[in-house]
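Okay, hi everyone, thanks for coming. I'll put the model on the screen and then walk you through it piece by piece.

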Amino acid sequence: MTGDTRVLLDLGLDIPTGRDLFRSPAALPPGRELSARLRVRAAPAIPGLYDLDGLDPADPLGEPAEPTAVFISHPHIDHVGLAGFLRADIPAYAAPEAIALLRALDHGGETLPGPRDFSAAATSWRRADPGHPVQVGPVAVERLDVDHDVPGASGYRAGAWSCGRRPPFLTWAVSGRAGSR
Ligand SMILES: [Zn+2]
């Protein structure tokens, strides 16, 4: 985060284990998946992040917040499983290989839960590429290929421009080592 801009990494779902509340055969009512998880702190309570259709009426988390962008490290459910609840005006970035995999899953009926329509142009995935930082307000975010057991695994580095100078990047890594450029 810097000033009035937020840059977030990943928005995942816990992978259920034998003792979790939300495990098979328990099924949350359609439309209540997020609000039920928020109630038991099984989803992060981040203001201004979620589409109002996924929240309880008058939930203060629905209040608008500062400009935000979300970057997905890789298409495993514990990193991307809540992305379908993102507000329509929050861009969601990922590697092209990750986007292709998520689209293939969607075509095969494995659609991410939530109201967001990733097949619509305005709310679709946006690709992030090494060597082409994405500008989010004053923050530049660059994707890096990393090693993981799924296509499109990414680390990101982010920094804020200062006086026209290239930012000293902060690095977010996921499992594996960030590649060099
Ligand atoms: Zn993973």
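**Starting from one pair of residues**

So, let's begin with Leu 170, a residue in strand 8 that is the bridge partner of Ala 158. Before I go on, please keep in mind that what you're looking at is a predicted model.

Strand 8 is a short stretch, covering residues 170–172, and Leu 170 lies in it. Which residues does Leu 170 touch, if we skip everything up to four places away in sequence? The answer is Arg 157, Ala 158 and Gly 159. So is Leu 170 buried or partly exposed? Leu 170 counts as partly exposed, because it has 13 C-beta neighbours inside 10 Å, and a residue needs 20 or more to be called buried. And here's one for a sense of scale: the C-alpha atoms of Leu 170 and Arg 32 are 36 Å apart, with their positions 138 residues apart along the chain.

**Out to the sheet**

Now let's widen the view. Strand 7 and strand 8 pair in the antiparallel sense, over three bridges. Another pair to look for here is Tyr 156, which stands opposite Trp 172 in strand 8.

On we go to the next pairing. Strand 6 and strand 7 also run antiparallel, and seven bridges join them. Ala 158 turns up again: it's the bridge partner, in strand 7, of Val 141.

Put that together and you get an open sheet of four strands, in the order 5-6-7-8, with antiparallel pairing. Why do strand 5 and strand 8 each have one side without a neighbour in the sheet? Because they stand at the edges, each with a single partner strand. From one strand to the next, the twist averages 25°. And a bit of background while you look at it: in a regular strand, side chains alternate between the two faces of the sheet.

**The core**

Next, the inside. The largest nonpolar core has 38 residues, and among those with the most contacts inside it are Val 70, Phe 71 and Ile 72. Which elements give it two or more residues? There are several, including helix 1 (33–39), helix 3 (96–107) and strand 2 (68–71), and our sheet helps too, with strand 5, strand 6 and strand 7.

Take Val 70 as an example. Leaving aside neighbours within four places in sequence, Val 70 is in contact with Leu 8, Leu 11, Ala 83, Leu 86, Ile 90 and Ala 92.

**The whole chain**

Stepping right back, the protein chain has three helices and eight strands. Read from the N terminus, the elements go β-α-β-α-β-α-β-β-β-β-β. The C-alpha trace spans about 50 × 35 × 35 Å along its principal axes. The radius of gyration is 17 Å, which agrees with the value near 16 Å for a compact globule of 181 residues. Buried residues make up 33% of the chain. Of the contacts with a separation of 6 or more, 57% are between residues 24 or more positions apart.

**How far to trust it**

Last bit, confidence. The chain averages a pLDDT of 88, and 92% of the residues score at least 70. Over residues 175–181, though, pLDDT stays under 50. Where pLDDT is low, the predicted coordinates should not be read in detail. That's me done, so over to you.

Technical notes
Residues are numbered from 1 along each chain as its sequence is written. This is a predicted model: local features need pLDDT of at least 70, side-chain atom pairs count only at pLDDT 80 or more; totals for chains, interfaces and linings use all residues. A nonpolar core is a set of buried Ala, Val, Leu, Ile, Met, Phe, Trp, Tyr and Cys residues joined through C-beta atoms within 7 Å. A residue is buried if 20 or more other C-beta atoms lie within 10 Å of its own, exposed if 12 or fewer, and partly exposed in between; C-beta atoms are placed from the backbone. Two residues are in contact if their C-beta atoms, placed from the backbone, lie within 7 Å. pLDDT is the predictor's confidence in each residue, from 0 to 100. The radius of gyration is taken over C-alpha atoms; the globule rule is 2.2 Å times the number of residues to the power 0.38. Two strands pair if DSSP finds at least two bridges between them. Axes are lines fitted to C-alpha atoms, for helices over the stretch in contact, and angles run from 0 to 180 degrees between N-to-C directions.
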